[in-house]
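Grab a viewer and work through a few exercises on charged pairs and surface residues. Try each task yourself before reading on.

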Amino acid sequence: MNHLPKKLPIQIHTMQKDTVLFELINKELSRQRNGIELIASENFTSLQVLQAMGTVPTNKYAEGYPGKRYYGGCEIVDEIETLAIERLKKIFNCSWANVQPHSGAQANGAVFLAVMKPGEKFLGLDLSMGGHLTHGSPANFSGKTYHALHYGVTKEGIVDYEQLETIARKEKPKMIICGASAYSRDWDYQRIRAVADEIGAIVFADIAHPAGLIATGLLNDPFEHCHIVSSTTHKTLRGPRGGIIMLRHDFENPWGLKTPKGATRTMSNLLDLAVFPGSQGGPLEHIIAAKAVAFGEILDSSFKMYGQQVIQNAQAMAKAFVDRDYNLISNGTDNHLMLIDLRNKNLTGKKAQETLDKANITLNKNAVPFDDKSPFVTSGIRVGVPAVTTRGLQPKDMETIVSMIDKVLMNCEDEKQIDAVKQEVKSFMQAFPLYPELP
Ligand SMILES: *Cc1c(COP(=O)(O)O)cnc(C)c1O
């Protein structure tokens, strides 16, 4: 082996024994290379993030936290996890972070576990108005275990802060969640904190979607106004699939929250306990290693340019849609995504998603505010630019993409037209190689 160059091996998907499985992985790589990825929650990690995920820390049990583990042999994973934590703290100017949640939903589960007792009230954005499942959907633990109350958006598609305030004052929820999965505008965190202070509520910001734009200072900073902040790491942060929880200021909690044993602790301590042992066992140290790599990339000045490019692309795309008489919720976007109501085009979200899929353009159907169709059909689509921006597409390319989307949507039953666009998509994306180092 020592004749090999001393650099990290790239993943060679063609040399594995399990050819059946690795064939499938290769097919997925081709699918990603040959398509236009517009799912707002998706992105493409760097090759080194990808490499870090497929490494030996996966073999290590490390229940606990750096320096306080329940297993031996944790010296190195302690260093890995500490590096991830320190880099993350630097990105968001935080005093504390937990990098162990396996996903965004797990991170949110831990926040609930730390601050809420079953049956207690909280207030979050309605799923049908752009909120997330973990913000109180009846199908989710959050809605099943706790008493969920919801605010929505106005007819114009902006968060209805007045409604939020009215419900907060009347119901006095213990926690107010801000953040969304399908919302194209920035948040007034300060205003939410003001009403929370009136009623003594905890403000929890779930920045799963816009975190990368917040990290680069391109959107409002939730950390000064929100007590707790959670995020995914795989959306605009462009890291491996995972979750994180952060505090800018740790605090003795004025709510008198207690550990399962009845001790009063600081918020950071309660959150750590809620992740492990509260809701997870062994952390995924290989994923935490990849998180550390991604956080290092975010700290590099080039990531700010990425964030700026995301916003420029989203603006250009929004304009291209509006120019073709597409109906954007809130008439535009401040971030990386837009929500489009297709009712004036006589199309459902389901039909649009399925037809675009045939042309190698992936996005998702999405309920629009005040939708009259079921969540399986919907009247809208959600379109996001983080992934195409990573591939290097520029604002002028957004016009090209929208014209291809329009061609497909205006010719939904014309298989020939759809196939022609598919060929166009494939050749267009060749100019933006994805993982060129991989076979
Ligand atoms: C994506 C998302 C999550 C959950 O992330 P998973 O990693 O899929 O569990 C949580 N909250 C919001 C607002 C999201 O958009």
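The exercises below deal with a predicted model, and each comes with a worked solution.

**Exercise 1. Find the salt-bridge partner of Arg31 and say where the two residues lie.**

Start with the partner: Arg31 pairs with Glu28 in a salt bridge, with 2.8 Å between the closest N and O atoms. Next, place them. Both residues sit in helix H1, three residues apart, which is about one turn of the helix. Now check the exposure, bearing in mind that partly exposed covers the range between under 20% (buried) and over 50% (exposed). Arg31 has a relative accessible area of 41%, so Arg31 is partly exposed. Glu28 is at 32%, so Glu28 counts as partly exposed too.

**Exercise 2. Work out which parts of the chain the Asp221 and Arg248 pair ties together.**

First, the contact: the side chains of Asp221 and Arg248 form a salt bridge at 2.9 Å, N to O. Then locate each end. Asp221 is in the loop between helix H8 (211-215) and strand S9 (228-232), while Arg248 is in the loop between strand S10 (243-247) and helix H9 (267-275), so the pair ties together parts 27 residues apart in sequence. Last, look at the surface. Asp221 counts as partly exposed because its relative accessibility is 31%, whereas Arg248 is buried because its relative accessible area is 12%.

**Exercise 3. Describe the pair formed by Arg343 and Asp372, from contact to exposure.**

Contact first: these two side chains meet in a salt bridge of 3.2 Å, N to O. On to location: the pair links distant parts of the chain, 29 residues apart. Arg343 belongs to the loop between strand S12 (337-341) and helix H12 (349-358), and Asp372 to the loop between strand S14 (364-366) and strand S15 (380-384). As for exposure, Arg343 is partly exposed, given its relative accessible area of 28%. Asp372 reaches 59%, so Asp372 counts as exposed.

**Exercise 4. How many salt bridges are there, and which residues are linked in a network?**

Use the rule of a Lys or Arg side-chain nitrogen within 4 Å of an Asp or Glu carboxyl oxygen. By that rule, the count is 24 salt bridges. For the network, look at Arg69, Asp78, Glu81 and Glu285, which salt bridges link together.

**Exercise 5. Which residues make the nonpolar surface patch of about 240 Å²?**

The patch is made by Leu21, Leu24 and Ile25. Take Leu21 as the one to inspect: Leu21 is placed in helix H1 (residues 19-33). Its relative accessibility is 35%, so Leu21 counts as partly exposed.

Key:
Residues numbered from 1 in each chain as written. Predicted model: local features only at pLDDT ≥ 70, side-chain atom pairs only at ≥ 80, totals over all residues. Heavy atoms only, no water. Patch = residues over 30% accessible without salt bridge, like charges linked within 9 Å, V, L, I, M, F, W, Y side chains within 5 Å. Areas by Shrake-Rupley, 256 points an atom, 1.4 Å probe, with all protein chains shown as cover. Helix = DSSP H or I, 4+ residues; strand = E, 2+ residues; numbered from the N terminus. Buried < 20%, exposed > 50% of the residue type's maximum accessible area, 1.4 Å probe, protein only.
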